[in-house]
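Trainee: May we go through this protein together? I should like to learn how to read it.

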Amino acid sequence: MKRSGRRSSRQKNGDDGPIYLTEEGFKDLQNRLHGLKRALPDRIAEAARTAAYGDRSDNAEYKEAKGTLRRMQWQILDIEDQMKRVVIITSGLNASGTVQLGSSVVLETDGSKKS
């Protein structure tokens, strides 16, 4: 599927840098993409079925099915673009013992109250 001249809001804003996700976040993105791709044939069939109702200019069901299909295709393209830019972050301390993105930290206090 070829992209038209339209650009996503992220592209308009120039946000095409890396996307930092945990392994779990990346798997969620993969699952979302898989679900959309799995549902795509049904949406295509629905658009074809409603197109058969007659004049497409007056066919609200066709317009709705086509809009749903178009949104789904844009979501697929957007997720595929995101997945190309994902950088997996690991939690915990790095080799130097410093806190990094994805680290879980526990803050201990000495028990005194500060106002």
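Mentor: We shall take the overall fold, then one residue, then a surface patch.
Mentor: This is a predicted model, in which local features need pLDDT of at least 70 and side-chain atom pairs count only at pLDDT 80 or more, while totals for chains, interfaces and linings use all residues. Residues are numbered from 1 along each chain as its sequence is written, and side-chain values use heavy atoms, with hydrogens and water left out.

Trainee: How many helices and strands are there in the protein?
Mentor: The protein has three helices and two strands, in the order α-β-α-α-β along the sequence. These are DSSP runs, numbered from the N terminus: helices are H or I with at least four residues, strands E with at least two.

Trainee: And where is Met72?
Mentor: Met72 lies in helix 3, residues 60–84.

Trainee: Is Met72 buried or exposed?
Mentor: Met72 counts as buried because its relative accessibility is 10%. Buried means under 20% relative accessible area, exposed over 50%, and partly exposed in between, using a 1.4 Å probe and protein chains only.

Trainee: What is Met72 in contact with, apart from neighbours within four places in sequence?
Mentor: Met72 is in contact with Leu36, Ala39, Leu40 and Arg43; contact means heavy atoms within 4.5 Å.

Trainee: New topic: where is Arg56 found?
Mentor: Arg56 is in the loop between helix 2 (23–51) and helix 3.

Trainee: Why does Arg56 count as partly exposed?
Mentor: Arg56 counts as partly exposed because its relative accessibility is 47%.
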